[in-house]
Amino acid sequence: MSSSKNILQVFEHHTLKVDENSTFKIVHFNALEKYGYKTKEKFFSVGNKRIKFNNYVGVIQVKNLTIEILPKADNNGQDKASKDKWHNALITMLKECKLIKLNTISNAKLKLKSATILDLYYDLFLSETETIFKHGLRKNYRSIEENLNKLKGKILFTNHIRKNAFHKERFFIEHKIFDADNKLNQILLKALLVLKTLAHNPNHNIRINKLLLNFEDVSEENITEKWFEKIKFDRNTERYRQAITLAKLIILRYSPGLKGGNENVLAIMFDMNMLYENYIYRKLKTLQNDSANPIIKVMNQNRTPFWETRGLRADIIVETKDKKRLVIDTKWKVLKDNKPSDADLKQMFVYNLHYDTDLSILLYPKTTLESADKKPFRDEKFKTLNCQVAFTDIFNDKGELEKYLGERIYNELLKEEIKTDTKNVYRA
């Protein structure tokens, strides 16, 4: 565990214990305990003055403390170099999987090696909102009801008679006004107000307060998930899309304290199993663009009916020009003795049968040099069906995520298999 000011960096599956002499204190634990029970311990489990993280990675802000939960699939200890390596890897994976948009922010400006994931999301939201304001907040006509001393619009007679029986000089009317008080701007305002209670970066606070001055005529509403379901973007509101996406993340992941807002928690967390799967899929997908490559199609999230309402979903399916089909199931875990569980092997056997393929691959991140070899599992009774346990190193020699990981997986794990047996073709 490392800390800098009010920032803690821990790895997934790490246990964080209360220590009044360190950064993580009882006030932070109490807030996380309530949040954990409220979310049914989705991101971490609660113990006796301790928090144990699970397979979710990302960032949690609790009171004045930012906790960054990093992925880890190696045995390189808990030092700062290891944390920097996985911090940068996580940001890159989020960017590659379109879960964070970094092209609008320069690396020099943010100094990514020291910026937390939360800093990135805050900065992105503020930058997007500033761009919207620069081009003018979206305005609409809307109807309002008022009791005025002058007549404009139309009289609402029922309310007019009830309210103005003794005030003949007044008119209860409905009329239209043209202003910025609409749902899109109300969402941005709510996100800004959430950040105002959470942000501890002086630069962010200055930007938040400056932006809030421009939302004085926008009403504060209780924003729920249903608000976002009803939003439809068109050519006039498309410029709001990225800011609204970030605002949704900030608002819906925010849990205000039960007593006066003193224990606010914001959690932006990602299932590492899903992130790894999505990352591998996107890297393999790049192989489709190479005309010299035998891979013509890479598919993910391929769910097919299995029994009644139940289905099977292979992580990744690869098809080749000669109609050969391979199934890849990603597993973000460290294997003991490089041996998969019985459940995983049985799952791959079913994939072989169900997807009509002769090879399925359990793909794990490589943790040691010894785990580079493929481990085939075969049965004499089913000679054309086999499963392999394989490992891939997602890093290059510089300790950065391998840019051409798709090609590495193809050359190390798929190339030989694709050329070996072309007799068992896919039958549509």
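In this predicted model, H13 sits in the loop that links β2 to β3. The backbone at H13 has a positive phi of about 65°, although H13 is not a glycine. Is H13 buried, partly exposed or exposed? With a relative accessibility of 45%, H13 counts as partly exposed, because that class lies between the 20% limit for buried and the 50% limit for exposed. A similar backbone setting can be found further along the chain, at K98, where phi is near 65°, again a positive value in a residue other than glycine. K98 belongs to the loop between α2 (80-96) and α3 (107-110). Its relative accessibility is 65%, so K98 counts as exposed.

Stepping back to the whole chain helps to place these loops. The protein chain contains 12 helices and 18 strands. Of its 428 residues, 46% count as buried. Contacts can also be sorted by how far apart the partners lie in sequence. Among contacts between residues at least 6 apart in sequence, 64% join residues at least 24 apart.

The strand before the H13 loop, β2, covers residues 7-11, and four of its five residues are buried. Which strand does β2 run parallel to? The partner is β7 (residues 65-70), and five bridges join the two strands. Within this pair, I7 stands opposite T66 of β7. In general, strands of a sheet pair through backbone hydrogen bonds, either parallel or antiparallel.

Strand β7 also pairs with β6 (residues 56-62), this time in the antiparallel sense, and five bridges join them as well. Here G58 is the residue that stands opposite I69 of β7. Together β6 and β7 form a hairpin with two residues between them. One feature to look for in the turn is K63, which has a positive phi of about 55°.

How many of the six residues of β7 are buried? The count is six of six, so β7 is largely enclosed by the rest of the structure. It helps to remember that side chains in a regular strand alternate between the two faces of the sheet. In β7 both faces are covered: L65, I67 and I69 are buried on one side, and T66, E68 and L70 are buried on the other.

A separate view is offered by an open sheet of three strands, arranged in the order β3-β5-β4 with antiparallel pairing. The edges of this sheet are β3 (15-17) and β4 (44-46); each has a single partner strand, so one side of each is left without a neighbour in the sheet. On average, neighbouring strands here are turned by 20° against each other, direction ignored. Between β4 and β5 (residues 50-53), three bridges make the antiparallel pairing. F44 has F53 of β5 as its bridge partner. Helix α1 (residues 26-38) packs on this sheet and touches both β4 and β5. The direction of α1 makes about 110° with that of β4.

The next topic is the packing of one helix on another. Two packed helices are described by the angle between their axes and the distance between the axes. For α6 (residues 183-198) and α9 (residues 241-252), the axes come within 9 Å and cross at roughly 45°. That angle makes α6 oblique to α9, and the crossing is left-handed. On the α6 side, the contact is made by L184, I187, L188, K190, A191, V194 and L195. On the α9 side, A243, I244, A247, I250 and I251 take part. What kinds of residues make up this contact? They divide into 11 nonpolar, no polar and one charged.

Helix α9 also holds K248. This lysine is partly exposed, with a relative accessible area of 35%. K248 and I187 are 61 residues apart in sequence, and their C-alpha atoms are 8.0 Å apart in space. Leaving aside neighbours within four places in sequence, K248 is in contact with F228 and R253.

How values were computed: Residues numbered from 1 in each chain as written. Predicted model: local features only at pLDDT ≥ 70, side-chain atom pairs only at ≥ 80, totals over all residues. Heavy atoms only, no water. Buried < 20%, exposed > 50% of the residue type's maximum accessible area, 1.4 Å probe, protein only. Pairing = 2+ DSSP bridges. Axes fitted to C-alpha atoms, helices over the stretch in contact; angles between N-to-C directions. Parallel < 35°, antiparallel > 145°, perpendicular 65-115°, else oblique. Left-handed = near helix turned anticlockwise from the far one by under 90°. Contact = heavy atoms within 4.5 Å. Nonpolar A, V, L, I, M, F, W, Y, C, P; charged D, E, K, R; others polar.
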